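Open the model in your viewer and keep the sequence panel at hand. We will go from stop to stop, selecting a few residues each time and looking at what is there.

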Amino acid sequence: MDIPQISPNQRIIVPDHIIPRAQQTRGALDEDAIADHLEKFLIAEDNDAQCKVFSDPLGGCHVYCFPPSQILKRNYWTLVSMGMSGTKMNVPADLVGGEEYQYAEVMCYLPADWEMPLISAANQISSNNWPVEMLRSLASYVASTRCWVAEDHGIPSLLTDTPGEPFHASTKLANMILLAPVDEAEGFETVNVNGNTVNFYVVVPLTPAEAQWKREVGAAKSIHYIVGNKREYPENILKRNYWTLVSMGMSGTKMNVPADVVGGEDYQYAEVMCYLPADWEMPLISAANQISSNNWPVEMLRSLASYVASTRCWVAEDHGIPSLLTDTPGEPFHASTKLANMILLAPVDEAEGFETVNVNGNTVNFYVVVPLTPAEAQWKREVGAAKSIHYIVGNKREYPENVLVDYVIDTSRPCCVEDLQCREYFDNLEDEESEEDGDDAVAEDVEDGNGGAELEMES
């Protein structure tokens, strides 16, 4: 393989030759010891049977794949190399404590609904297996060069003849940075194997522009601002790496708030909003009679505003509403997604003072619309939002232990009820606050325009 040209200020020692394969050390330093370490942190009763290993028939680098686990609160796959640690890397002599950084394995995370390949080979890169081969290629590079790689080091993609080209045609990601596994529990990041320290580093793929930024100013002044552990270091993570869509027109309707709602006059006016991924292909125009895979979130907000205008129905936090984009309410917003319902939540991701605005003496509230699957909406109807949706949807930065679904819309995310089977788990929890919800939480949320009787829209 060709040796990639890597900038010296990335602190990677670039060798001037390839080590002959007969002299290379391939395979893990001690596969059993490292596997035992990983299993302590990444395996539980609900994912043990689904673990996968992509083996290298030539005895090189295997890749261990640990599935999502509700028990461990890991809503993603964890892939870990098993073979890079067999090579003792050439750590620079001037590095203090350098003997602690001579051995390593690398890892990455994939979404829970990633379609894992049945087999994986370096000469058959696909949209599904490139992360597997990304880890293998890095292990192979270390084995063939004894090059030192460690935290904050940047490396171009090694999956093509020309280093730095995209990992696969399906993505523009083309570079890597190695980061500490700060999302993992204490004690995970290193393991002692026969007196040697093996380090684990998370590989985060970058775009060419992001990698160039890192090369020019260093990781601390670039990548550390945008990539990292959102739970531990929210102040360092790109805060708004997403589109924010907000309706402008629903607040013109004074909603019929039930007379028994305390302070009801503060909930008569509202606008709704939603979040979309940064790479969402926004439509040039949008019309209700031309629903597409790109514009349905726009029309979802419009349809809710139109519904309020035509009925004066009261909608507010925790209220559930079926999709209104089809002749039959509750059908998917579009054929490209199974999402078919809505829940309105407080905009807790926003800065203090955002959620309401005083307009001519009237309070206008802002609610985040989070699309749900039919099974999630049914769960909410049966037990109330506090005992269902509040467990799985929310602000991952503030409440990581309770959140499976982010506010930012993911059209292909797994259903928390049917795919992740989390309903039974949460239904069995002892909820001491359940009495506060009472019958009001179980009742259908959407009230009719007269402010009294329930409107069973979702039935």
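Start with the aromatic rings: this predicted model holds nine aromatic pairs. Select Phe188 and Phe200 to see one of them, a tilted pair with ring centres 5.3 Å apart and 40 degrees between the planes. Phe188 sits in the loop between β6 (175-179) and β7 (190-193), while Phe200 belongs to strand β8 (residues 196-206), so the pair ties together parts that are 12 residues apart in sequence. Color by accessibility if you like: both Phe188 and Phe200 are buried.

Now add Phe41 to the selection. Ring pairs join Phe41, Phe188 and Phe200 into a cluster.

For another ring pair, select Tyr275 and Tyr407. Their centres are 6.5 Å apart and their planes stand at 55 degrees, so this pair is tilted. The two tyrosines link distant parts of the chain, 132 residues apart: Tyr275 is in strand β10 (residues 269-277), and Tyr407 is in the loop between β16 (405-406) and α8 (423-427). Are these two residues buried or exposed? Tyr275 is buried, with a relative accessible area of 0%. Tyr407 is buried as well, at 6%.

**Salt bridges**

Next, show the charged side chains. Side chains of opposite charge can pair when their charged atoms come close. The count here comes to six salt bridges, and three make good stops.

Select Arg74 and Glu184 to find a salt bridge whose closest N and O atoms are 2.7 Å apart. Arg74 lies in the loop between β2 (62-66) and β3 (76-82), and Glu184 in the loop between β6 and β7, so to speak a link across 110 residues of chain. Both Arg74 and Glu184 are buried.

Move on to Lys338 and Asp419. They also form a salt bridge, with 2.7 Å between the closest N and O atoms. This pair links distant parts of the chain, 81 residues apart: Lys338 is in the loop between β11 (320-322) and β12 (341-345), and Asp419 is in the loop between β16 and α8. Which accessibility class does Lys338 fall into? With 35% relative accessibility, Lys338 counts as partly exposed, because that class runs between 20% and 50%. Asp419 is partly exposed too, at 38%.

Then select Glu376 and Arg413, whose side chains meet in a salt bridge of 2.7 Å from N to O. Glu376 is in helix α6 (residues 374-383) and Arg413 in the loop between β16 and α8, which puts the partners 37 residues apart in distant parts of the chain. Glu376 and Arg413 are both buried.

**Along helix α6**

Stay with Glu376 and select the whole of α6. Which residues of this helix are buried? They are Ala375, Glu376, Ala377, Trp379, Lys380 and Arg381. Step past the end of the helix to Gly384, which comes just after α6 and takes a positive phi of about 95 degrees.

**A threonine in strand β14**

Go back along the chain to Thr363, in strand β14 (residues 362-372). Why does Thr363 count as buried? Its relative accessible area is 19%, and buried means under 20%. Now show what surrounds this residue. Leaving out residues up to four places away in sequence, Thr363 touches Asp266, Tyr269, Thr356 and Val357. Try a distance label as well: the C-alpha atoms of Thr363 and Ala270 are separated by 8.1 Å, although the two residues are 93 apart along the chain.

**Out to the surface**

Switch on the surface and select Trp213, Val217 and Tyr225. Together they form a nonpolar patch on the surface with about 290 Å² of accessible area. Tyr225 is in helix α4 (residues 223-226). This tyrosine is partly exposed, with a relative accessible area of 46%.

**The whole view**

To finish, clear the selection and zoom out. How many helices and strands does the protein have? Your cartoon should show nine helices and 16 strands. Of the 459 residues in the protein, 48% are buried. The accessible surface comes to about 22300 Å², and carbon and sulfur atoms account for 48% of that surface. Among contacts between residues at least 6 apart in sequence, 64% join residues at least 24 apart.

Note on methods: Residues numbered from 1 in each chain as written. Predicted model: local features only at pLDDT ≥ 70, side-chain atom pairs only at ≥ 80, totals over all residues. Heavy atoms only, no water. Patch = residues over 30% accessible without salt bridge, like charges linked within 9 Å, V, L, I, M, F, W, Y side chains within 5 Å. Areas by Shrake-Rupley, 256 points an atom, 1.4 Å probe, with all protein chains shown as cover. Salt bridge = Lys/Arg side-chain N within 4 Å of Asp/Glu carboxyl O. Helix = DSSP H or I, 4+ residues; strand = E, 2+ residues; numbered from the N terminus. Buried < 20%, exposed > 50% of the residue type's maximum accessible area, 1.4 Å probe, protein only. Phe/Tyr/Trp six-rings, centres within 6.5 Å; stacked < 30°, edge-to-face > 60°. Contact = heavy atoms within 4.5 Å.
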